[in-house]
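Me: I would like to learn how to read helix packing and burial from a model. Could you take me through one case?

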Amino acid sequence: MSERLDDRVRRLLGPAGPEVTCEQCFDQLDRYVELELRTGPADAEAAVPGMAAHLDGCPACAEERATLRALVTSRPES
Amino acid sequence: MLSRPTASDAVAPRAVAAPAAPADDAERWLAPLRAGGPAHERAVADLHALLLRAARFTVRRASGGGGRLREHREDLAQQSADDALVAVLAKLDSFRGESRFTTWAYKFAVLEASVALRRHAWQRREIPLEHDGWLALSDDGASPGEQAQRRELLGALRDAIEADLTSHQRRVLVAVTLDGVPIDVLAERLGTTRGALYKTLHDARRRLRAALAARGFAPGAADDQESPR
């Protein structure tokens with residue numbers, strides 16, 4: 001399947017597994033990001049099951065996760 | 001393409017043996033924020049400065065060097081920091097110490113600034129809520145050998161979107177996944193919440209998977225997983 005079509009179908013169908021809600025995602029976001037950075041994505045997902053699936057299916061939450069992650073690893077003056 | 005889900009009931013956050021968060025700053029922040037007097041005022045000012053840093057970072061990261069957002073960047077960051085400060089102070093008692101206090105506080109500023117940025121980007125843009133965007137799903141770049149299979153999948157997808165979804169599910173699905181409308185922008189236009197709209201999106205996707213499975217395709221999860229609540 002072409003990459004473009006594959007991407008569109010993936011976006012349409014979303015993640016296959018169980019996932020947290022947007023509210024649960026926000027509630028756990030700080031803990032999840034710190035776990036990702038400290039011990040890796042597997043531990044973060046074990047601590048918050050369904051978070052990775054939600055981040056895969058919700059562009060807004062994924063954007064906020066990426067920003068928070070970049071922020072906590074940025075230099076203080078940035 | 002997509003795999004079958006595993007157990008569908010394990011979505012509640014778990015307490016795991018994660019390394020303890022650095023015993024950073026929680027008490028340094030919490031005690032004065034909960035106290036009264038000059039110490040409280042200083043702590044609130046420090047917290048605002050922290051949130052403003054996070055909001056500026058978010059705005060700068062999203063807008064790059066300029067664009068039409070440039071002249072509004074500082075106002076947007078200031079407003080986001082103000083709104084985040086109100087939210088953080090109102091939710092202090094919900095801080096569980098599962099991360100550093102600063103990371104916990106940052107997320108409120110990131111949220112406020114991200115929402116403001118998305119709304120700003122879409123403020124004068126029309127959202128095509130009734131269009132037939134799914135019909136534009138096309139088979140671009142397929143080799144001759146793949147075309148028949150792809151045509152079948154695309155036909156099944158179009159049929160399922162048209163026949164198996166409610167009009168509300170269809171317009172939310174198409175707007176968010178094909179047109180790239182941010183879910184909070186769409187929620188604002190439709191007078192609902194981001195969480196409610198994501199539930200609609202999740203239900204639409206679940207129906208779509210089930211419909212594809214019923215048509216002989218295996219998207220991986222024509223399942224019984226519960227919708228996020």
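Me: How are α5(A) and α4(B) oriented to each other?

Reply: Note first that this is a predicted model. Two packed helices are described by the angle between their axes and by the distance between those axes. Here helix α5 (residues 59–72) of chain A and helix α4 (residues 101–122) of chain B pack at about 130°, and their axes are 10 Å apart. Angles from 115 to 145 degrees fall in the oblique class, so α5(A) and α4(B) are oblique to each other. The crossing in which α5(A) passes α4(B) is right-handed.

Me: Which residues of α5(A) and α4(B) meet?

Reply: From α5(A) come A:E63, A:E64, A:T67, A:L68, A:L71 and A:V72; from α4(B) come B:T103, B:Y106, B:K107, B:V110, B:L111 and B:S114. Sorted by class, this contact of α5(A) with α4(B) has six nonpolar, three polar and three charged residues.

Me: At what angle do α3(B) and α4(B) pack?

Reply: Helix α3 (residues 73–90) of chain B packs against α4(B) at about 135°, with 8 Å between the axes. The pair α3(B) and α4(B) is therefore oblique, and α3(B) passes α4(B) in a right-handed crossing. On the α3(B) side the contact includes B:L76, B:A77, B:A81, B:A84 and B:V88, and on the α4(B) side B:A105, B:F108, B:A109, B:A113 and B:L117 are among the residues met. By class, the contact of α3(B) with α4(B) has 12 nonpolar, three polar and two charged residues.

Me: Is B:A81 buried or exposed?

Reply: Burial is read from a neighbour count, and 20 or more other C-beta atoms within 10 Å make a residue buried. B:A81, in helix α3 of chain B, has 23 C-beta neighbours inside 10 Å and so counts as buried. Leaving out residues up to four places away in sequence, B:A81 touches B:H48, B:L51, B:L52, B:A55 and B:A109. Separation along the chain is a different matter: B:A81 and B:A156 are 75 residues apart, with 47 Å between their C-alpha atoms.

Me: Where does B:G97 lie, and how many other C-beta atoms are within 10 Å of B:G97?

Reply: B:G97 is in the loop between α3 and α4 of chain B. The count for B:G97 is 14, which means that this residue is partly exposed. B:G97 and B:A26 are 71 residues apart in sequence, yet their C-alpha atoms are 7.3 Å apart in space.

Me: What span should α6(B) have?

Reply: The check uses 1.5 Å a residue. For the 12 residues of helix α6 (residues 167–178) of chain B the expected span is 16 Å, and the end C-alpha atoms are 16 Å apart, so the two agree. Nine of the 12 residues of α6(B) are buried, so this helix is largely enclosed by the rest of the structure. The buried residues of α6(B) include B:R170, B:R171, B:V172 and B:L173. Just after α6(B), B:G180 takes a positive phi of about 70°.

Me: How many helices and strands does chain A have?

Reply: Chain A has five helices and zero strands. The C-alpha trace of chain A spans about 45 × 25 × 20 Å along its principal axes. Of the 78 residues of chain A, 53% count as buried. Among contacts in chain A with a separation of 6 or more, 66% join residues 24 or more positions apart.

How values were computed: Residues numbered from 1 in each chain as written. Chains lettered and ligands numbered in written order. Predicted model: local features only at pLDDT ≥ 70, side-chain atom pairs only at ≥ 80, totals over all residues. Axes fitted to C-alpha atoms, helices over the stretch in contact; angles between N-to-C directions. Helix = DSSP H or I, 4+ residues; strand = E, 2+ residues; numbered from the N terminus. Parallel < 35°, antiparallel > 145°, perpendicular 65-115°, else oblique. Left-handed = near helix turned anticlockwise from the far one by under 90°. Contact = placed C-beta atoms within 7 Å. Nonpolar A, V, L, I, M, F, W, Y, C, P; charged D, E, K, R; others polar. Expected span 1.5 Å × (residues − 1).
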